[in-house]
Amino acid sequence: MPYIFLLHRSLSHLDRGSGAVRITFLDFSSAFNTIQPLLLRDKLTEMGVGSHLVAWITDYLTGRPQYVRLGDCRSDTVASSTGAPQRTVLSPVLFTLYTSDFQYKSEFCHVQKFADDTAIVGCIRSGQEDEYRELIKDFVTWCDLNHLLLNTTKTREMVVDFRRPRPHPEPVIIKGDCVEVVHTYKYLGVQLDDKLDWTANTDALCRKGQSRLYFLRRLASFNICKKLLQIFYQSVVASALLYAQ
């Protein structure tokens, strides 16, 4: 899982002492809806993808008819040539391919992507943040060139620093907006906190488990057979408790 690499690299850096880790979790506005088919076509061609497959994907994303229905009323049909259809398995794959040409990994900084979940991690030593800030700036510029919209109001930064006293970091500015610094952040379904322990995630799992066990007890009160209760437990309760374990 990507968060394991993030935690491993962060803890390895902090174990050396006299340093901090800054993580910016970037949020896209309607990520899958902003894919540009012609840009994706060029990217796939550069990757060496077969011309027939490239042509099929381009045709799939171009000129898609769509309309809105509300009760007995239906809007006019329009043809969309931007973005990918929602709630399909192919959309996250296409977005991953669309963003694959921006990669960065050095001794102190890296970009971590999983579909539309993107984090920029900077291992700061002796207050040297130039590479981290320059990487964020380059990523914002790349997003503009690729017609990807960053939602700065939902973008968050988490600072992990075990030093005492803890220095007050200079804020990250994206498109004129100051990125909010948070103590906890839910990344890929896992609650991370600026202490890098599992307290926040454990508390969240307990709350989720208790709420789902309530429904299991309710089902049992209706004398549902044991086999169906086991299926419900495995699919609804255990899947939540054992996620990312």
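## Exercises on a predicted model

The side chains of Glu129 and Arg133 meet in a salt bridge, with N and O 3.1 Å apart; a salt bridge here is a side-chain nitrogen of Lys or Arg within 4 Å of a carboxyl oxygen of Asp or Glu. This is a predicted model, in which local features need pLDDT of at least 70 and side-chain atom pairs count only at pLDDT 80 or more, while totals for chains, interfaces and linings use all residues. Residues are numbered from 1 along each chain as its sequence is written, and side-chain values use heavy atoms, leaving out hydrogens and water.

**Exercise 1.** Work out which residues are linked with Glu129 and Arg133 in a network of salt bridges, and whether Glu129 counts as buried or exposed.

*Solution.* Start with the network: Arg22, Glu129, Arg133 and Glu157 are linked by salt bridges. Next, take accessibility, where buried means under 20% relative accessible area, exposed over 50% and partly exposed in between (1.4 Å probe, protein chains only). Glu129, at 16%, is buried, and Arg133, at 27%, is partly exposed. The total count of salt bridges comes to nine.

**Exercise 2.** Find the order of the five strands in the open sheet, then the helices that pack on it.

*Solution.* Helices (H or I, at least four residues) and strands (E, at least two) are DSSP runs numbered from the N terminus, and two strands pair if DSSP finds at least two bridges between them. The order is E6-E7-E1-E8-E11, with mixed pairing. At the edges, pairing on one side only, are E6 (109-114) and E11 (180-181). E6 runs antiparallel to E7 (residues 117-125), joined by six bridges; Gln112 stands opposite Ala119 in E7. Now add the helices, taking contact as heavy atoms within 4.5 Å. Helix H1 (residues 2-14) packs on the sheet, touching E1 (19-26), E6, E7 and E8 (156-160). Helix H5 (residues 130-145) also packs on the sheet and touches E1, E6, E7 and E8.

**Exercise 3.** Identify the salt-bridge partner of Lys175 and that of Glu180.

*Solution.* Lys175 pairs with Asp144, their closest N and O atoms being 3.0 Å apart. That pair links distant parts of the chain, 31 residues apart: Lys175 lies in the loop between E9 (173-174) and E10 (177-178), Asp144 in helix H5. For Glu180, the partner is Arg156, at 3.4 Å between the closest N and O atoms. Here Glu180 in E11 and Arg156 in E8 are 24 residues apart.

**Exercise 4.** Explain why Cys109 forms no disulfide with Cys123.

*Solution.* A disulfide is a pair of cysteine sulfur atoms within 2.5 Å. The sulfur of Cys109 is 7.0 Å from its closest cysteine sulfur, in Cys123, so the two are too far apart for a bond. The count of disulfides comes to zero.

Technical notes:
Axes fitted to C-alpha atoms, helices over the stretch in contact; angles between N-to-C directions.
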